[in-house]
Amino acid sequence: MNDVGPVRFVAKNMRLDLRLIAEMIAPDTRVLDIGSGDGTLIEHLFRTQKCDARGIEIDMAEVTRAVGRGLPVMHGDADLDLGHYPDGAFDFVVLSRTLQAVGRPRAVLRQMLRIGRHAVVSFPNFGHWRVRAQLLFTGRMPMTRTWSRMWYETPNIHPCTIRDFFALCAAEGYRVERWLAVDDEGRRAPWRRFPRLANLFGEQALFLLSRNGEKARP
Amino acid sequence: MSEAPALPELPAPIPHQAVSFADGLALDCGIRLARHTVAYRAYGRLNAQASNAILVCHALTGDQYVAETHPLTGREGWWSTVVGPGRPLDTDRYFVLCANVLGGCMGSTGPTSPREEPAGAERGVPEPWGIDFPAVTIRDMVRAQKRLVDHLGIRRLFAVVGGSMGGMQALEWAASYPKAVFAAIPIAAASFHSAQNIAFHEVGRQAIFADPDWMGGQYWRAGKVPARGLAVARMAAHITYLSEAALTRKFGRRLRGGQGSSLFEDMFEVESYLRHQGSSFVRRFDANSYLTITRAMDYFDLAADHGGDLAAAFAETKTRFCLVSFSSDWLFPTAQSRAVARALNRAAANVSFVEIETDKGHDAFLLDEPDFHRTLAGFLAGCAEHARLP
């Protein structure tokens, strides 16, 4: 898991994805971006929304690049390092396209909602029709643009569907404040309001969560 | 306080830029120095708001000659690749300051300084402190630096930067004077000196003690220097500053050209290299200073000073931290920096943390490491933006 990074957006989708995440984050708040890569999102949040945004990244080359750009990023591992932050240290904790690659997704989510008032989570949807069709018709593990690595070397060891994620949130008692699914171009589509349709046609999912009892987003 | 005149009784062969404080300095050991001198060098210009000052803290055997020809050795400053115009610590933008540590031997008060005579003591040339110099701590060193910083009219340092023992000082600065430190960059450092590190220091100290010329620490009385003991201390320490890979790359098992006539002449290149390190070191460093400063490092345990919780040392801190470690450093390994980073996380501090991939060991912070230099420059530039530095 350390030698291959998690799935990343292809370049043309990158800005759009980060913009969608940024839209969920209130200005002037404290933000932790887990898996911050080269720091594009935290730089965007600092420059355009005056956030106190920081990052954790497991890939040392990316950390060096981000710190070399003046961004507060530390080398760390979502599975190991979140436990060291105090409760409520952040307003928003972001996990973009990394949930499926961590060792213990449920524990990471719990940590996110312990150290943050809100969690923003995006992940590739394993329920997409192309994934389902490939498994059904070929009987082999799906290989798509998103799920592009062989099963024996993929870092994406915990794939889930949009409905799986709703179920986990319900079981853990998280409130889904907002959610959306986008197609492979990163566009929001008309089926976005219907979880079952989104689970079939959505390539990526994005959720804004809070602990139950937490005030709605400012 | 006044600019220190070169005291005629000082045995120092060269004058150092220095400031003396006549109102004394209370040390952690309970002793109060009646007066003390801080020798320093500065590069670049302090701006009108005094907001662009970077304090560089030197390591065990370093000194204030960071970016200029060293007055004793004639060699380049020890961080001239890092400090200077257009360098990571850009002297066109920042005012870069470095003070010789308390206990040192390059002009700041230390074992070679004249001993304080009790009031009414008889005449004559005061002797140096020698081995009787009081025990000092990293915090004492930082206190002395704070006096200098105050004296220069700097209310808040833009950054405190240091490697190894200098990194310990940077951590101590951030813990002791959080409001006076906008950014702290502890490099290849730790929040405490480990048992292994203390053990290596003890080997060096015993080598000095075992030298007949040490004479119970009063070698200056006989006009001697415990050169062999100090050289062995330096040789042992120098091994810990390198890595196995670096030694192999630089020397391997290569033999010296000439054939030795006896079994223990310097047969291997690595031996001759270490001997050179040892003999050149004794020409510029005082043995009692070496004892004093290694002890100060051994005492260092920042968490113990804060009820055993390192996070408590940084509670509520607004300082921006950048921790840097080097992958092949086994003296101050990455795990030590990571432990500091995690303590800073517990304090919800703003912390960047990078491990630089290199085979050069602990000494990498002194060497040409492009990723390290980019990290320094980038972190400082980011901080300058947050500090609204012009």
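User: Let me start with one side chain: is Arg295(B) buried, partly exposed or exposed?

Analyst: Happy to begin there, with the reminder that this is a predicted model. Arg295(B) is partly exposed, its relative accessible area being 36%. Its salt-bridge partner is Asp298(B), with the closest N and O atoms 3.1 Å apart. Asp298(B), in turn, counts as buried at 10% relative accessibility.

User: Where do Arg295(B) and Asp298(B) sit along the chain?

Analyst: Both belong to helix 7 (residues 287-299) of chain B, and because they are 3 residues apart there, about one helical turn separates them.

User: How should I read a salt bridge in general, and how many are there over all chains?

Analyst: The general idea is that side chains of opposite charge can pair when their charged atoms come close. In this structure, the rule gives 31 salt bridges over all chains. Some of them share partners: one network joins Asp38(A), Glu43(A), Arg47(A), Arg69(A) and Glu385(B).

User: Which parts of the chain does the pair Glu203(A) and Arg130(A) link?

Analyst: Distant ones. Glu203(A) is in the loop between helix 8 (195-201) and strand 7 (204-211) of chain A, while Arg130(A) is in helix 6 (residues 129-138) of chain A, 73 residues apart. Their side chains meet in a salt bridge at 4.0 Å, N to O. That value deserves your attention, since the rule asks for a nitrogen within 4 Å of a carboxyl oxygen. As for surroundings, Glu203(A) is buried at 8% relative accessible area, and Arg130(A) is partly exposed at 33%.

User: What is the N to O distance between Glu269(B) and Arg254(B)?

Analyst: The salt bridge between these two side chains has an N to O distance of 3.3 Å. Glu269(B) lies in helix 6 (residues 269-282) of chain B and Arg254(B) in the loop between helix 5 (244-250) and helix 6, so the pair ties together parts that are 15 residues apart in sequence. Glu269(B) is partly exposed at 26% relative accessibility, and Arg254(B) is also partly exposed, at 41%.

User: Now the interface. How much area do chain A and chain B bury between them?

Analyst: The size of an interface is often given as the accessible area lost when the parts come together. Here chain A and chain B bury about 1,900 Å² between them, and 53% of this is on carbon and sulfur atoms. On the chain A side, Val67(A), Met74(A) and His84(A) supply 28% of the area that chain A buries against chain B, more than any other three residues. The contact draws on 23 residues from chain A and 23 residues from chain B.

User: Which polar features cross the interface of chain A and chain B, and how many are there?

Analyst: Between chain A and chain B there are 13 residue pairs in polar contact, counting those with both residues at pLDDT 80 or more. The rule also finds 2 salt bridges across this interface. One of the salt bridges pairs the side chains of Arg342(B) and Asp81(A), at 2.7 Å, N to O.

User: Which elements make up the side of chain A that touches chain B?

Analyst: Those giving two or more residues are helix 2 (40-49), strand 2 (52-57), helix 3 (60-68), strand 3 (73-75) and helix 4 (78-81) of chain A. Helix 3 of chain A gives the largest share, 5 residues. By type, this side divides into 12 nonpolar, 6 polar and 5 charged residues.

User: What does the fold of chain A look like in numbers?

Analyst: Chain A has 8 helices and 7 strands. Of its 218 residues, 52% are buried. For contacts in chain A between residues at least 6 apart in sequence, 69% join residues at least 24 apart.

User: One last feature: how many disulfides are found over all chains?

Analyst: The search of the whole structure finds 0 disulfides. Cys105(B) has as its nearest cysteine sulfur that of Cys98(B), 13 Å away.

User: Why does Cys322(B) form no bond with Cys383(B)?

Analyst: Because the sulfur of Cys322(B) is 7.9 Å from the one in Cys383(B), its closest cysteine sulfur, and this is too far for a bond. Cys322(B) is buried, with 1% relative accessible area.

Technical notes. Residues numbered from 1 in each chain as written. Chains lettered and ligands numbered in written order. Predicted model: local features only at pLDDT ≥ 70, side-chain atom pairs only at ≥ 80, totals over all residues. Heavy atoms only, no water. Contact = heavy atoms within 4.5 Å. Buried area = accessible area lost by both parts, 1.4 Å probe. Polar contact = N/O pair within 3.5 Å; in protein donor to acceptor, adjacent residues only side chain to side chain. Helix = DSSP H or I, 4+ residues; strand = E, 2+ residues; numbered from the N terminus. Nonpolar A, V, L, I, M, F, W, Y, C, P; charged D, E, K, R; others polar. Disulfide = S-S within 2.5 Å. Buried < 20%, exposed > 50% of the residue type's maximum accessible area, 1.4 Å probe, protein only.
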